[in-house]
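User: I should like to go through the internal cavities and the helix packing of this protein. Please reason through each point before giving the value or name.

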Amino acid sequence: MAGGSFVPSKNGKQFEGNVTPFVLVTCLVAAMGGLLFGYDLGITGGVTSMEPFLIKFFPSVYKQMKNEIASTNQYCKFDNELLTLFTSSLYLAALVASFFASITTRKLGRKISMFAGGLFFLVGALLNGFAANIEMLIIGRMLLGFGVGYCNQSVPVYLSEMAPAKIRGALNIGFSMMITIGILGANLINYGTSKLEIGWRISLGVGAVPAIMLCIGSFFLGDTPNSMIERGQKEGAKKMLQKIRGIDNVDEEFQDLINASEEAKKVQHPWRNFVQPSYRPQLIFCSFIPFFQQLTGINVIMFYAPVLFKTLGFENDASLISAVISGGVNVVATFISIFTVDKFGRRALFLEGGIQMLICQIAVGSLIAMKLGVSGEGSFTKSEANLLLFFICAYVAAFAWSWGALGWLVPSEICALEVRSAGQATNVVVNMLFTFIIAQVFLSLLCVLKFGLFFFFAGFVLIMTIFIVLLLPETNNVPIEEMNRLWKSHWFWKRFVHDVAPKLDRKDSN
């Protein structure tokens, strides 16, 4: 049975409605876009640690890994620019795609953007699976990046617009949940294919499966009422709103959406307006949340997990199993956040996760320092390796229920309709830019900074936690159209956001 809920409007009224099975299933299907991103995050590290893959595409890395002299320094075993380019090229492509995805999402709807993302990812996965040379491999990675860019742009916005305010956090975190399931699934597939000569082809090619699921699923999805009204489909939007709320009388809420859309249409240049002072808090959070999210160091663990564990002295099977364990913890912790985000709020999860990550990063850095030192020579005993894995898993759990889940939720829920696509595009662009940078420089940084790299990330965790304490108001249970009142009452942001309408670049301006 659907549970009852009320959706408050911007004028203080409450719109009666239900949490319907339709909206739950719709959001579940849309959240599958996260599988694409998660699968790639998880599969890449495992594939780049498979010897047949290295022999075919990166023979110099294979020789360096097998060379006894070079291998004594555990920190530098996989330091190779071409190998990191393979990993990071996807995120550069996703960054570029985000600009086009922003236009597609606004002009053609969220549903079309999700389908396009699935199609790009499908072609890229097939190219990678059948790759005969490094050029084919990189082109495939770039197409995967286009798919990730389109999905990361459209899915969080879709979920925030479809979900009732009281469970918006839980439904939006469905996207993060699918990312973690994708990572875990990829780790399991890597473990199963690691002994096969063509195991890397299977691992890369299976990425076509979630892409096909998303392409098919998007055909059965309806677009959001907000997007349909924005594109002039008012009759269809009203029917969709009735299905979402589970009631026929949605006239008052429907009129609210129309009013918001008409105001949004007066804005001619969303990007130009997004950088004006009145949208300063949205610009800051859509930029700094993804920036800080990457500088937690999480993607070091996620897409380099097998390589990292192997670097720290784990055997090949042990490194893959350890990656599976950390991937499983990621899923469970994200699942926990679904049930806690709307109960305890965003700030509580951000702060608890930040403190726990800080402790774990310091512990991991200290353990590695004691065993490998500056020289990078040494190895872990079984008990020491288990302790290291425990702290890494505790770190992954803290990230999953804080910056992992909320890093996509908060930017997608704080922007007004007129700048929502620009805000989400900013979120994706910054996220992909720093994912690219971290992916490109991590192995080199590990070789140079050694165990100090973990203290480097710990320092940023401290900074970002202070950032949240001082600047982020609680957005829990606040409808999207009422977010502006949070900024008006905040001790810092109220100097930028005023009751007087901002001087926007409008179509009807002289």
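User: How many cavities of 30 Å³ or more are there?
Analyst: The model is a predicted one. A cavity here is a set of points where a 1.4 Å probe fits but cannot get out. With the cut-off of 30 Å³ or more, the count of cavities is three.

User: What is the volume of the second largest cavity, and which residues line it?
Analyst: The second largest cavity has a volume of about 40 Å³. Residues count as lining if they have an atom within 4 Å of a point. The lining consists of Tyr39, Asp40, Ile43, Phe121, Ala125, Asn128, Leu144, Leu204 and Gly207.

User: How do the residues of that lining divide by class, and which helices each supply at least two of them?
Analyst: The lining of the second largest cavity holds six nonpolar, two polar and one charged residues. Gly counts as polar in this scheme, and Gly207 is one of the lining residues. The helices that each supply at least two lining residues are H2 (33-47) and H7 (110-129).

User: What is the relative orientation of H7 and H11?
Analyst: H7 packs against helix H11 (residues 208-220) at an angle of about 155°, and their axes lie 8 Å apart. Angles over 145 degrees count as roughly antiparallel. H7 and H11 are therefore roughly antiparallel.

User: Which residues of H11 make the contact with H7, and what is the handedness of the crossing?
Analyst: On the H7 side, the contact includes Phe121 and Ala125, and both of these residues also appear in the lining of the second largest cavity. By class, the contact of H7 with H11 has 13 nonpolar, two polar and one charged residues. H11 contributes Ala208, Ala211, Ile212, Leu214, Cys215, Ser218 and Phe219, and the crossing is left-handed.

User: Are H8 and H9 roughly parallel or roughly antiparallel, and is their crossing left-handed or right-handed?
Analyst: Helix H8 (residues 134-162) and helix H9 (residues 168-193) pack at an angle of about 160°, with axes 8 Å apart. Their contact is made by residues including Cys151 and Val155 of H8 and Leu171 and Phe175 of H9. By class, this contact has six nonpolar, three polar and one charged residues. H8 and H9 are therefore roughly antiparallel, and their crossing is right-handed.

User: How do the residues in the contact of H20 with H23 divide by class?
Analyst: The axes of helix H20 (residues 346-372) and helix H23 (residues 452-471) come within 9 Å and cross at roughly 165°, which means that the two helices are roughly antiparallel. The crossing is left-handed. Among the residues in contact are Arg347, Phe350 and Gly354 of H20 and Phe454, Val461 and Thr465 of H23. By class, the contact has 15 nonpolar, five polar and one charged residues.

Terms used:
Residues numbered from 1 in each chain as written. Predicted model: local features only at pLDDT ≥ 70, side-chain atom pairs only at ≥ 80, totals over all residues. Heavy atoms only, no water. 1 Å grid on protein atoms, 1.4 Å probe; cavity = no way out; pocket = protein on both sides within 12 Å on 5 of 7 lines; lining within 4 Å. Points joined across faces, edges and corners; volume = space filled by probe spheres on them. Helix = DSSP H or I, 4+ residues; strand = E, 2+ residues; numbered from the N terminus. Axes fitted to C-alpha atoms, helices over the stretch in contact; angles between N-to-C directions. Parallel < 35°, antiparallel > 145°, perpendicular 65-115°, else oblique. Left-handed = near helix turned anticlockwise from the far one by under 90°. Contact = heavy atoms within 4.5 Å.
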